[in-house]
Amino acid sequence: MKRIVIAVIVALVVFGGTFAFAASLGGITTGSVGDSATVVASCDTDGVTTAFTSPAWDGTAKNYGVSQLDVTGINTACNGDSIKVTLTDTAGDSLGEATGTVAAGAASLTFSSVSASAVEGIEVVIAS
(Lines give C-alpha, C1' and ligand atoms only; values in the text may rest on other atoms or scores of the structure.)
Protein backbone atom coordinates (compact mmCIF):
# COMPACT_ATOMS: atom_id res chain seq x y z
CA MET A 1 0.00 0.00 0.00
CA LYS A 2 2.83 2.36 0.87
CA ARG A 3 4.36 1.77 -2.60
CA ILE A 4 1.09 2.70 -4.31
CA VAL A 5 0.82 5.95 -2.35
CA ILE A 6 4.42 6.85 -3.22
CA ALA A 7 3.82 6.00 -6.91
CA VAL A 8 0.71 8.20 -6.99
CA ILE A 9 2.56 11.11 -5.35
CA VAL A 10 5.47 10.79 -7.80
CA ALA A 11 3.04 10.67 -10.74
CA LEU A 12 1.26 13.81 -9.50
CA VAL A 13 4.55 15.67 -9.05
CA VAL A 14 5.73 14.72 -12.56
CA PHE A 15 2.37 15.64 -14.12
CA GLY A 16 2.21 18.91 -12.19
CA GLY A 17 5.76 19.83 -13.19
CA THR A 18 5.06 19.09 -16.83
CA PHE A 19 1.85 21.11 -16.79
CA ALA A 20 3.57 24.05 -15.08
CA PHE A 21 6.41 23.97 -17.61
CA ALA A 22 3.99 23.91 -20.56
CA ALA A 23 2.00 26.80 -19.07
CA SER A 24 5.17 28.86 -18.79
CA LEU A 25 5.81 28.61 -22.53
CA GLY A 26 3.18 31.25 -23.22
CA GLY A 27 0.53 31.25 -25.90
CA ILE A 28 0.99 30.91 -29.60
CA THR A 29 -0.39 33.86 -31.47
CA THR A 30 -1.61 33.91 -35.04
CA GLY A 31 0.33 37.02 -36.02
CA SER A 32 0.00 37.34 -39.76
CA VAL A 33 0.02 33.75 -40.96
CA GLY A 34 -2.28 32.47 -43.68
CA ASP A 35 -2.40 29.37 -45.85
CA SER A 36 -4.33 28.15 -48.84
CA ALA A 37 -6.85 26.20 -46.76
CA THR A 38 -7.64 28.64 -43.95
CA VAL A 39 -7.03 32.35 -43.65
CA VAL A 40 -5.72 33.46 -40.24
CA ALA A 41 -5.32 37.23 -39.76
CA SER A 42 -3.57 37.56 -43.08
CA CYS A 43 -2.81 40.67 -45.09
CA ASP A 44 -4.79 38.99 -47.92
CA THR A 45 -8.08 37.39 -46.96
CA ASP A 46 -9.66 36.72 -50.36
CA GLY A 47 -7.11 34.27 -51.77
CA VAL A 48 -4.61 34.49 -54.60
CA THR A 49 -4.32 33.28 -58.18
CA THR A 50 -1.53 30.98 -59.35
CA ALA A 51 -0.38 30.16 -62.87
CA PHE A 52 2.60 28.21 -64.16
CA THR A 53 4.60 29.58 -67.04
CA SER A 54 4.83 27.27 -70.04
CA PRO A 55 6.13 23.82 -69.12
CA ALA A 56 9.38 22.71 -70.74
CA TRP A 57 10.34 19.25 -71.94
CA ASP A 58 12.86 17.55 -69.68
CA GLY A 59 14.80 15.16 -71.92
CA THR A 60 16.46 13.41 -68.98
CA ALA A 61 13.25 12.74 -67.03
CA LYS A 62 11.24 12.30 -70.26
CA ASN A 63 8.36 14.51 -69.10
CA TYR A 64 7.21 18.09 -69.04
CA GLY A 65 8.51 20.05 -66.09
CA VAL A 66 7.38 23.29 -64.52
CA SER A 67 9.89 25.64 -62.99
CA GLN A 68 8.17 29.02 -62.61
CA LEU A 69 4.95 29.93 -60.85
CA ASP A 70 3.37 33.37 -60.91
CA VAL A 71 1.22 34.29 -57.90
CA THR A 72 -1.08 37.26 -58.53
CA GLY A 73 -4.09 38.89 -56.94
CA ILE A 74 -2.21 39.41 -53.68
CA ASN A 75 -3.51 42.35 -51.66
CA THR A 76 -1.02 45.22 -51.83
CA ALA A 77 -1.03 45.30 -48.01
CA CYS A 78 1.26 42.24 -48.37
CA ASN A 79 3.87 44.13 -50.44
CA GLY A 80 7.33 43.54 -48.96
CA ASP A 81 6.21 40.38 -47.12
CA SER A 82 7.83 36.99 -47.65
CA ILE A 83 6.03 34.39 -49.73
CA LYS A 84 6.69 30.65 -49.71
CA VAL A 85 5.09 28.19 -52.11
CA THR A 86 5.18 24.41 -51.88
CA LEU A 87 4.08 22.18 -54.76
CA THR A 88 2.55 18.91 -53.54
CA ASP A 89 1.65 15.52 -55.01
CA THR A 90 -1.52 13.45 -54.45
CA ALA A 91 -0.27 12.32 -51.01
CA GLY A 92 0.44 15.91 -49.96
CA ASP A 93 4.20 15.36 -50.08
CA SER A 94 6.40 18.24 -51.20
CA LEU A 95 7.66 18.17 -54.78
CA GLY A 96 9.50 21.46 -54.43
CA GLU A 97 9.53 24.75 -52.57
CA ALA A 98 10.38 28.31 -53.53
CA THR A 99 10.49 31.57 -51.63
CA GLY A 100 10.35 35.20 -52.64
CA THR A 101 9.00 38.62 -51.77
CA VAL A 102 5.62 40.10 -52.66
CA ALA A 103 5.89 43.22 -54.84
CA ALA A 104 3.05 45.15 -56.47
CA GLY A 105 0.56 42.49 -55.38
CA ALA A 106 2.38 39.62 -57.10
CA ALA A 107 5.35 37.28 -56.92
CA SER A 108 7.16 35.11 -59.44
CA LEU A 109 8.80 32.03 -57.92
CA THR A 110 11.34 29.70 -59.50
CA PHE A 111 11.55 25.98 -58.67
CA SER A 112 13.90 23.25 -59.73
CA SER A 113 12.04 21.53 -62.56
CA VAL A 114 9.08 19.55 -61.17
CA SER A 115 7.13 17.02 -63.23
CA ALA A 116 4.01 18.87 -64.38
CA SER A 117 1.87 15.74 -64.16
CA ALA A 118 2.86 15.13 -60.52
CA VAL A 119 1.64 18.51 -59.19
CA GLU A 120 -1.71 18.12 -57.44
CA GLY A 121 -1.60 21.01 -54.97
CA ILE A 122 -0.11 24.44 -54.46
CA GLU A 123 0.34 25.68 -50.89
CA VAL A 124 0.95 29.43 -50.47
CA VAL A 125 2.07 31.15 -47.26
CA ILE A 126 2.57 34.91 -46.97
CA ALA A 127 4.19 36.19 -43.78
CA SER A 128 5.47 39.56 -42.65
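Me: How many Å² does the accessible surface of the chain come to, and what share of it belongs to carbon and sulfur atoms?
Reply: Heads-up: this is a predicted model, where local features need pLDDT of at least 70, side-chain atom pairs count only at pLDDT 80 or more, and totals for chains, interfaces and linings use all residues. Residues are numbered from 1 along each chain as its sequence is written, and side-chain values use heavy atoms, with hydrogens and water left out. Accessible areas come from the Shrake-Rupley method with a 1.4 Å probe, and for residues only the protein chains shown count as cover. On that footing, the surface comes to about 8,300 Å², and the carbon and sulfur share is 60%.

Me: What pattern does the chain follow, read along the sequence?
Reply: Helices (H or I, at least four residues) and strands (E, at least two) are DSSP runs, numbered from the N terminus. The chain has 1 helix and 7 strands. Put in sequence order, they read α-β-β-β-β-β-β-β.

Me: What percentage of the 128 residues count as buried?
Reply: Buried means under 20% relative accessible area, exposed is over 50%, and partly exposed is in between (1.4 Å probe, protein chains only). Of the 128 residues, the buried share is 22%.

Me: Which strand gives the most to the largest nonpolar core?
Reply: A nonpolar core is a set of buried Ala, Val, Leu, Ile, Met, Phe, Trp, Tyr and Cys residues joined through side-chain atoms within 4.5 Å. The largest one here has 17 residues, and Val71, Ile74, Ile83, Val85, Leu109, Phe111 and Ile126 have the most contacts inside it. Strands E3 (63-72), E4, E6 (107-115) and E7 (121-127) each chip in at least two residues. With 4 residues, the top contributor is E6.

Me: Is Val85 buried or exposed?
Reply: Val85 sits in strand E4. Contact means heavy atoms within 4.5 Å, and, skipping neighbours within four places in sequence, Val85 touches residues including Leu69, Val71, Gly96, Leu109, Phe111 and Val124. Its relative accessibility is 0%, so Val85 counts as buried.

Me: What distance separates the C-alpha atoms of Val85 and Phe111?
Reply: Val85 and Phe111 are in contact. They are 26 residues apart along the chain, and their C-alpha atoms are separated by 9.5 Å.

Me: Among contacts between residues at least 6 apart in sequence, what percentage join residues at least 24 apart?
Reply: Ile74 makes a handy example: leaving aside neighbours within four places, its contacts include Asp44, Val48, Val102 and Ile126. For the chain, the share joining residues at least 24 apart is 61%.

Me: Which residue forms a salt bridge with Glu97?
Reply: Side chains of opposite charge can pair when their charged atoms come close. The cut-off for a salt bridge is a side-chain nitrogen of Lys or Arg within 4 Å of a carboxyl oxygen of Asp or Glu, and the whole structure has 1 of them. With the closest N and O atoms 3.5 Å apart, the partner of Glu97 is Lys84.

Me: How many residues apart in sequence are the parts that Glu97 and Lys84 tie together?
Reply: Glu97 is partly exposed at 46% relative accessibility, and Lys84 is partly exposed at 38%. Glu97 lies in strand E5 (residues 94-101) and Lys84 in strand E4 (residues 82-88), so the pair ties together parts whose separation in sequence is 13 residues.

Me: What is the torsion about the S-S bond of Cys43 and Cys78?
Reply: A disulfide is a pair of cysteine sulfur atoms within 2.5 Å, and Cys43 and Cys78 qualify with an S to S distance of 1.8 Å. Cys43 is in the loop between helix H1 (2-23) and strand E1 (49-52), while Cys78 is in the loop between E3 and E4. Cys43 is partly exposed at 22%, whereas Cys78 is buried at 0%. The disulfide is right-handed, because the torsion is about 110°.

Me: What is the angle between the planes of Trp57 and Tyr64?
Reply: Rings of Phe, Tyr and Trp (its six-membered ring) pair if their centres lie within 6.5 Å; planes under 30 degrees apart count as stacked, over 60 as edge-to-face and the rest as tilted. Trp57 and Tyr64 form an edge-to-face pair, with 5.2 Å centre to centre and an angle of 75°.

Me: What is the phi of Lys62?
Reply: Lys62 lies in the loop between strand E2 (56-58) and E3 and is exposed, with a relative accessible area of 59%. Although Lys62 is not a glycine, its phi is positive, at about 60°.
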